[in-house]
Amino acid sequence: MQHDCLSVNQKVSVKHTLTHRLKRKKYLGFKELLCLTLFPIYIYIAECRLINRLSPAFNSADRIVILSQRFLSYGSKIIGKKNLHKVRAIANFLTLPEESSISLEIERKSKEVLIISRLCEERKRISIALRIWYLMEKKAETSDWKLVIVGGGDDADFYKALARKLDLKRVVFEGRCDNIVPYYQTASIFMMTSDMEGWGLTLTESLQMGVVPFAFDSFESLHDIIVDNVNGCIVTNNDINEYSMRLLDLMCNSEKRRTMAMTGIKSAQRFTVDKIMSEWKSLIEEN
């Protein structure tokens with residue numbers, strides 16, 4: 001099950017999607033304009049329909065597994081109070097081979113900020129990352145840093161055009177790549193600017209590979225992954241100034257980056273395949 005429907009931030013995400021489509025002159029129809037104009041009513045109707053659609057599945061299930069207990073602060077409304085006793089929270093396990101981080105040399109990492117993402121503005125908001133990077137390029141102390149963007153998607157050309165418009169000199173678009181491990185091995189900082197995620201696999205990948213992750217506080221499970229200013233940075237949602245200042249601080253502080261990276265590697269061990277599979281095994285054995 002997609003965790004979008006269990007997050008209170010889905011409302012913000014849907015509004016962002018509609019607004020982006022209008023700005024990009026996509027789907028300029030009466031329905032989209034009406035949804036945006038009457039957004040509170042639209043969301044209320046959509047929520048009622050969602051509950052009606054999912055209720056049969058939740059009611060008949062023996063167990064309901066979600067990625068984080070934190071989703072229940074809003075998600076209990078969708079799941080239904082009578083089904084809450086069935087709910088178990090089990091995180092996603094690490095997706096990169098565990099041997100990928102064995103030979104990591106934190107001190108030898110490059111001055112690279114990394115984004116690995118689907119290039120889709122409607123959820124990932126890479127345009128915000130580019131505007132943050134614009135502020136970084138204006139700082140003399142970051143002149144030897146670069147931003148590396150790995151991934152493809154419908155908005156790739158839109159982002160490249162935005163980078164040209166902002167006159168960004170140190171942004172590299174790598175496109176789609178089947179082997180992302182080398183990018184994690186060399187990068188020092190990871191940027192996420194999504195308006196919502198179910199889990200954020202790239203964040204646990206970053207921790208595993210000693211790349212300090214930054215993310216907006218836009219989804220509940222984020223707090224299961226990152227402890228702010230310990231193994232990564234959680235920034236007030238949509239606060240570009242805070243994101244920029246904290247990113248600049250970390251780019252200029254090599255010892256802090258090293259400490260947070262090492263802490264991140266250790267914290268990623270919470271999500272090894274063996275540990276997560278043992279939770280699934282315990283769940284199955286309950287029945």
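## Around Thr204

Leave aside the residues up to four places away in sequence, and Thr204 touches Leu94, Trp199, Ile225, Ala268 and Phe271. This comes from a predicted model. Thr204 sits in helix α9, which runs over residues 201–208. Is Thr204 buried or exposed? With a relative accessible area of 1%, Thr204 counts as buried, because the cut-off for that label is under 20%.

## Helix α4 and its buried side

Now for α4, residues 72–79, where Leu72, Tyr74, Gly75, Ile78 and Ile79 are buried. These residues cover an arc of only 165° around the axis, so they end up on the same side of α4.

What covers the buried residues of α4? The cover includes two helices, α1 (10–23) and α3, along with β1 (64–66) and β2 (87–89). Right after α4 comes Gly80, and its phi is positive, near 100°.

## A nonpolar patch on the surface

Besides helping to cover α4, α3 also turns up in a nonpolar surface patch. The patch is about 630 Å² and is made by Phe30, Leu34, Leu38, Ile41, Tyr44 and Ile45. Two helices, α2 (30–37) and α3 (39–60), each put in at least two residues. Which helix gives the largest share? That's α3, with three residues.

Leu38 belongs to neither helix: this patch member lies in the loop between α2 and α3. Leu38 has a relative accessible area of 39%, so it's classed as partly exposed. That value also clears the bar for patch residues, because they need over 30%.

## The chain as a whole

Zooming out, the protein chain has 13 helices and eight strands. Its C-alpha trace spans about 55 × 50 × 30 Å along the principal axes. How does the radius of gyration fit with a compact globule? A compact globule of 287 residues would come out near 19 Å, and the protein chain has 20 Å, so the two agree.

Of the 287 residues, 51% count as buried. If you take the contacts with a separation of 6 or more, 71% of them are between residues 24 or more positions apart. As for the outside, the protein chain exposes about 14,400 Å², with carbon and sulfur atoms supplying 53% of that area.

Terms used: Residues numbered from 1 in each chain as written. Predicted model: local features only at pLDDT ≥ 70, side-chain atom pairs only at ≥ 80, totals over all residues. Heavy atoms only, no water. Patch = residues over 30% accessible without salt bridge, like charges linked within 9 Å, V, L, I, M, F, W, Y side chains within 5 Å. Areas by Shrake-Rupley, 256 points an atom, 1.4 Å probe, with all protein chains shown as cover. Salt bridge = Lys/Arg side-chain N within 4 Å of Asp/Glu carboxyl O. Helix = DSSP H or I, 4+ residues; strand = E, 2+ residues; numbered from the N terminus. Buried < 20%, exposed > 50% of the residue type's maximum accessible area, 1.4 Å probe, protein only. Rg over C-alpha atoms; globule rule 2.2 N^0.38 Å. Contact = heavy atoms within 4.5 Å. Arc of directions from axis to C-beta.
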